[in-house]
Amino acid sequence: MKTTAQKQMAPVLRIVPKDENTLVTNLITQKENIAVVGLGYVGLPLALEFASILKVKGFDISESKVKAMKEKNDPSNELSEAHFNEKKIEFSSDERILEQARFYVVAVPTPVTSDNVPNLKPLISATETVARHLKRDDYVVFESTVYPGCTEEVCVPILENISGLKLNQDFKVGYSPERINPGDTQNTVTTITKVVSGSDEEAAEQIANVYDLIIEAGVHVAPNIKTAEACKVVENTQRDVNIALMNELSMLFEKMGINTNDVLRATKTKWNALPFFPGLVGGHCIGVDPYYLAYKANELGVESDIILTSRKVNEELPKRIADNVKQALLKNNKNIAKSKVLVRGITFKENVSDIRNSKVANMIHNLKAMGAQVNIEDPFASSEEVEKEYGLSLYQGSSSEKYDAIIIAVAHNQYRFHNADYYKKMSNDKAIVFDLRNIVTEVDTEMDYYTL
Ligand SMILES: NC(=O)c1ccc[n+]([C@@H]2O[C@H](COP(=O)([O-])OP(=O)(O)OC[C@H]3O[C@@H](n4cnc5c(N)ncnc54)[C@H](O)[C@@H]3O)[C@@H](O)[C@H]2O)c1
């Protein structure tokens, strides 16, 4: 095993098992099993990837999801039936399948409460489940996004207390953040470098060896668990802060009559310009993870002004857009309370069906509060889920409906490349198009066109 200093210098390590008796050898020869706890966006693709070569126990508390997976359906709609074919995996919502595992991966949700503080209930509950089956020489790797310190301060005591075993003496722990990007078919589990860490050097090496079996891009061994935890929250906080800056600039440029996208096109000509754009920040990662970091900072008495201000700027955008739509309609002598608005897209990002923490829904609620009649469409979202999560209905009526405002909220492929005529046909006189994703290529000269 290389020293920590060497490890940090080498960004990508490929570690080959040295002897016959390693954990990896036992997993490959299927003497021992790997278990994945929590089979959602993160857990299922990982479990199936491992199941190409290892024997995998897939555990999830949701019986309906387990039923779907047994029938080769991905409840998150990301994977096709082919991904399930010829995989050595057993799905169950009965935790007894965990008894046979030697290497556990935990990938359960880590949301925030309504006060934006970490809600660790699913993580604690999943850790308790693993602890009930923990045996001597087992490994537990957490993949859920957490604040630095969470694995060792929250999860390890649970594992030790319930199992009666001692960390590093009897069992080992690790942390490996998942960095997949929903809807992205290029950057997948296996093609993104996997950051891994362990509770001691031996754990880090063994965990790296296990992931190295499936990760084509290789593994990067972080010097300790806290560093690997920080890596993930920093990646998403960095995005949140940069998008907040763009949202703030777009607010300023709007007042100055400058088109932000034109500015960004110009800045892009410099080699070191960062490719960030204004926009809604939703979903369960970028809009959530910074709160985990801010929570820990607060606990340590460190002010996280930049992180929290960025969150505030991004959280205010849905209301700001609704206000802008109102003003734009007023400019055309239209009262928003008597206007018909079409919102195209409600998922948290393009070309996915995931509506969790969608800020488009917040924008719609603001428009409705102003009295607008809003029709919502989305080719990916489930109308039942939209109804359940937000109390909103997807529009199922006539496509010949005419609108005063059309808001392109999500850059689904279906909304790209429509010509001016297309928008004209669905518009009342003096209608406006609000293109939040900057994808509309052409609008009629009689229509007002806005971007962020
Ligand atoms: N979705 C992403 O793109 C993404 C990317 C990187 C990291 N993450 C992080 O990975 C973690 C998992 O996210 P996700 O998007 O896969 O969540 P998800 O909601 O899609 O899936 C989580 C699964 O865990 C199950 N679950 C909940 N509590 C459980 C328990 N106690 N025992 C067993 N199963 C349980 C749920 O039924 C669900 O199927 C989160 O911490 C998230 O922040 C997500």
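Domain bounds here come from an automatic or database domain assignment. On that basis, the chain of this predicted model is divided into domain 1, covering 4-223, and domain 2, covering 248-451. Taken over C-alpha atoms, the centres of domain 1 and domain 2 are separated by 35 Å. The two domains do meet: 13 residues of domain 1 are in contact with 15 residues of domain 2. On the side of domain 1 that touches domain 2, 8 residues are nonpolar and 5 are polar, with no charged residue among them.

Turning to the ligand, 29 residues surround it, and those that come nearest are Gly38, Gly40, Tyr41, Val42 and Ser144. By character, the shell around the ligand comprises 14 nonpolar, 11 polar and 4 charged residues. Helix H5 (residues 121-133) gives the most to this shell, supplying 4 residues.

A helpful place to look next is strand E9 (residues 340-344). Of its 5 residues, 4 are buried, so strand E9 is largely enclosed by the rest of the structure. Strand E9 runs parallel to strand E10 (residues 373-377), and 5 bridges join the two. Within this pairing, valine 341 has valine 374 of E10 as its bridge partner. The connection from E9 to E10 passes through helix H12 (residues 359-369), forming a right-handed β-α-β crossover. Strand E9 also pairs with strand E11 (residues 403-408), again in the parallel sense, over 4 bridges. Here, valine 343 finds its bridge partner in isoleucine 407 of E11.

Notes:
Residues numbered from 1 in each chain as written. Predicted model: local features only at pLDDT ≥ 70, side-chain atom pairs only at ≥ 80, totals over all residues. Near = placed C-beta within 6 Å. Nonpolar A, V, L, I, M, F, W, Y, C, P; charged D, E, K, R; others polar. Contact = placed C-beta atoms within 7 Å. Buried ≥ 20, exposed ≤ 12 C-beta atoms within 10 Å, placed from the backbone. Pairing = 2+ DSSP bridges. Right-handed = clockwise from strand over helix to strand, strands pointing away.
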